[in-house]
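User: Hi! Could you walk me through the model below, with a few questions and answers?

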There are 2 protein chains.
Amino acid sequence: MIETMADQAEADGRRRGGNRRAQILDAALKLFAQKGMAQVTTRQIAQAVGISQPSLYAHFRSADEIAAELCVRAFAALAEAMARVVAVPAGSDERLRRMARAYIDFALAQPDMYRVAFMLEDPQGCKSLGAADGLSHDPVLEAGLLCFAQWHRVIVEHVGDDDERAMILAQSTWAHIHGLVSLLIARHEFPWADRERLIEEHLRRLSF
Amino acid sequence: MIETMADQAEADGRRRGGNRRAQILDAALKLFAQKGMAQVTTRQIAQAVGISQPSLYAHFRSADEIAAELCVRAFAALAEAMARVVAVPAGSDERLRRMARAYIDFALAQPDMYRVAFMLEDPQGCKSLGAADGLSHDPVLEAGLLCFAQWHRVIVEHVGDDDERAMILAQSTWAHIHGLVSLLIARHEFPWADRERLIEEHLRRLSF
DNA sequence: TCCGTCAACCTATCATTGATAGCCTATCGA
DNA sequence: TCGATAGGCTATCAATGATAGGTTGACGGA
């Protein structure tokens, strides 16, 4: 029984480059999606990868650090999804609307990723992540800011050069979209109206 | 050292009616607010109340049940805060705006309560709460629905009798407001614009 | 060819956590 | 006065995140 794990480690593990880290992250994300963040244990992750539970700590300093890394990845994926849509030329209003739609589609297609990025109760696990130097340079925050910057840029194009107004509008519109997807994701049991009609109305009300 | 706990239990505990349950909930909420939900242990709650950790289980079936109860309370408090404002006579548009403002004010004044109600990753702890009968009658969901009903009613007054449209608008506007407060609460570290101006703009954009 | 180094892994083990078992005690109605 | 009951306690469990210390195998210079 137990030796199976060691066997699997040699059969499975060594053959793929040195990307155990990525392998662990993939397994963790899959488990998070299946059972919900709080129900996943380090032993389950280790077993899914085919290594022993303490071996995780050769790649991550703590369980929270795994979550933090996933958080960074999720932000990056969302930013990329938006960037792809924004790259297509269009009027600033149309681009904004497309970006919002891409945001919603991404979140609903990858609810676990979105959950990890935005609904992590305590992303402080990353406090000590990149802080080899004195400055506590938080990679999760940075990834989030980069993601928001994508959103902000399109808003700036839309409303012109009033900086503070642009920032306020960016934050307000972002909250508008986040509110819907986070509730749709987190509250399955709620008696939602028809999802597509709800989204369309929500997007319609994005105008300003 | 240890006997102190027993002493305190007799000094503190017995004197207050039989409301140990409420006492536990208060202590738990306070701790949640101080240290963040995930960092609070049953032993800390017990110590704060002045009883031993196993004694909690005489009042609650599990730790999740404590959180679920707090969730119900928080929904009720929010609903009450809205009801108080809605009771004041005004035009339907003005009432809606006041209710939204009351919602935001409540959430920002009681961030821990709002967090417990809406940002509980896993309110399944209540699955077995009221289900003595076969029907799994979920009190948390019910409290949430009651709270939403408050919101919905004002929307109905505002938009008239198109039922589905009213429901969609109610859900969309609720998401609009929830998005802002949940982000403001959960993302302290984000470089927010001036809070009051942001809120005002967000409320302005509530119109439809 | 041999040996030191290093990364990745393992087993054994901790302290802490939520939860259960079983006993004690004070209060209260018959 | 006495049994029942509510509420509490200590002792203890299994599971969890984390650490300690040893083992293996690849790789590079003597």
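What follows is a short conversation about the DNA surface and the protein fold.

Analyst: This is a predicted model, in which local features need pLDDT of at least 70 and side-chain atom pairs count only at pLDDT 80 or more, while totals for chains, interfaces and linings use all residues. Residues are numbered from 1 along each chain as its sequence is written, chains are lettered from A and ligands numbered from 1 in the order in which they are written, and side-chain values use heavy atoms, with hydrogens and water left out.

User: How many residues surround DNA strand C?

Analyst: A residue is near a strand if one of its heavy atoms lies within 4 Å of it. The closest to DNA strand C are Arg20(A), Ser52(A), Ser55(A), His59(A) and Tyr57(B). Of the strand atoms that come within 4 Å of the protein, sugar and phosphate account for 58%. The number of residues surrounding DNA strand C is 18.

User: Which side chain has an N or O atom 2.9 Å from a base nitrogen of DNA strand C?

Analyst: Polar contacts here are pairs of N or O atoms within 3.5 Å; within protein, one must be able to donate a hydrogen and the other to accept it, and residues adjacent in sequence count only if both atoms are side-chain atoms. Two side chains reach phosphate oxygens of the strand: Thr42(B) at 2.7 Å and Tyr57(B) at 2.5 Å. The side chain at 2.9 Å from a base nitrogen is that of Arg43(B).

User: Which element gives the largest share of the surface near DNA strand C?

Analyst: Helices (H or I, at least four residues) and strands (E, at least two) are DSSP runs, numbered from the N terminus. Helix H1 (2-13) of chain A and helix H3 (42-49) of chain B each supply at least two residues of this surface. The largest share, three residues, comes from H1(A).

User: How many helices does chain A have?

Analyst: Its elements, read from the N terminus, run α-α-α-α-α-α-α-α-α. With zero strands beside them, the helices of chain A come to nine.

User: Is Cys147(A) buried or exposed?

Analyst: Buried means under 20% relative accessible area, exposed over 50% and partly exposed in between (1.4 Å probe, protein chains only). In chain A, buried residues make up 46% of the 208 residues. Cys147(B) has a relative accessible area of 3% and is buried. At 4%, Cys147(A) is also under the cut-off, so this residue is buried.

User: How many disulfides are found over all chains?

Analyst: A disulfide is a pair of cysteine sulfur atoms within 2.5 Å. The search covers the whole structure, and the number found is zero.
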